[in-house]
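User: Could you take a close look at the strand pairing in this model for me? I would like one connected account, with the nearby salt bridges added at the end.

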Amino acid sequence: MKIAQHKVVTLDYTLTGDDGNIIDQSQDGNFTYLHGAGNIIPGLERALADKAAGDTLQVSVAPEEAYGARNESLTQVVPRSAFATTDDVQVGGRFRAQAPDGQELIVTVVRIEGDQVTLDGNHPLAGEQLNFDVKVLDVRDATQEEIDHGHVHGAGGHPHE
C-alpha cells in the first residue's frame, strides 16, 4: 500500500541540522501520523507521498517547507515584572502569550539581562534546513474516526474531551 491521503503511516526517522547534529529521532516504530492531515511538516509529507512500507529516503527540507523563515518581529524584550512569578523565568523556559493579532503564541526565553527578558515567538527550528533519514515501516488505511479527528488513534481508540 502506498502513502496517500487518509493513510496512517509509521516511520523511523532521524532529523539532523546542516551541521550534522541530531535534532530529533524516533526509532522502533514509535512515530505514526495521518497523511494529508497536516500532522507533519509539508516538505516531509510531500516527499513521503507514494512511498510504501520498506522504503527508505533521505530528504532535505527548506525552512519554507518546514517551520518557516525566522521572523525577527516575533522577538521582544519585556521587563521581568511582566511575569506572574519571576522565579519561573529562565533561559529556555516557554510560556503562552498572545500575538498582536490575537493568536496564541508559544514564546521561549532566549536571554535575561538584569531586569530585561528577551522572548522569541519563532518555532525553535524556524529558519533551519532540516535533513531527514526516514524508513517507512507501515502504511494502513485510516479509520473514519481518525479521519474525522485528523490524527491517528492507538489501539482501543482515543478519548476526546
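Analyst: Happy to. Strands here are DSSP runs of E with at least two residues (helices are runs of H or I with at least four), numbered from the N terminus, and two strands pair if DSSP finds at least two bridges between them. This is a predicted model, in which local features need pLDDT of at least 70, side-chain atom pairs count only at pLDDT 80 or more, and totals for chains, interfaces and linings use all residues. Residues are numbered from 1 along each chain as its sequence is written, and side-chain values use heavy atoms, leaving out hydrogens and water.

The sheet is open and has four strands, ordered E2-E1-E8-E3 with antiparallel pairing. Its edges are strand E2 (22–34) and E3; each has a single partner strand, so one side of each is left without a neighbour in the sheet. On average, neighbouring strands are turned by 25° against each other, direction ignored; the axes are lines fitted to C-alpha atoms, for helices over the stretch in contact, and angles between N-to-C directions run from 0 to 180 degrees.

Now to strand E8 (residues 130–141), which is joined to strand E1 (residues 7–16) by ten bridges. Antiparallel to E8 runs strand E3 (residues 56–61) too, with six bridges between them. Asp133 in E8 is a nice place to look: Thr14 has Asp133 as its bridge partner, and Gln58 is also partnered with Asp133. Thr16, in turn, is partnered with Asn131 of E8.

From the sheet, we can turn to the salt bridges (a side-chain nitrogen of Lys or Arg within 4 Å of a carboxyl oxygen of Asp or Glu). The model has seven of them. Arg140 of E8 pairs with Glu146, their closest N and O atoms being 2.9 Å apart. For relative accessible area, buried means under 20%, exposed over 50% and partly exposed in between, with a 1.4 Å probe and protein chains only. Glu146 counts as buried at 1%, while Arg140 is partly exposed at 28%.

Another salt bridge starts from the loop after E3: Arg70 and Asp120 have their closest N and O atoms 2.9 Å apart. Arg70 sits in the loop between E3 and strand E4 (75–79) and Asp120 in strand E7 (residues 116–120), so this pair ties together parts that are 50 residues apart in sequence. Asp120 is buried at 9% relative accessibility, and Arg70 is partly exposed at 38%. These two residues also belong to a salt-bridge network with Glu72.
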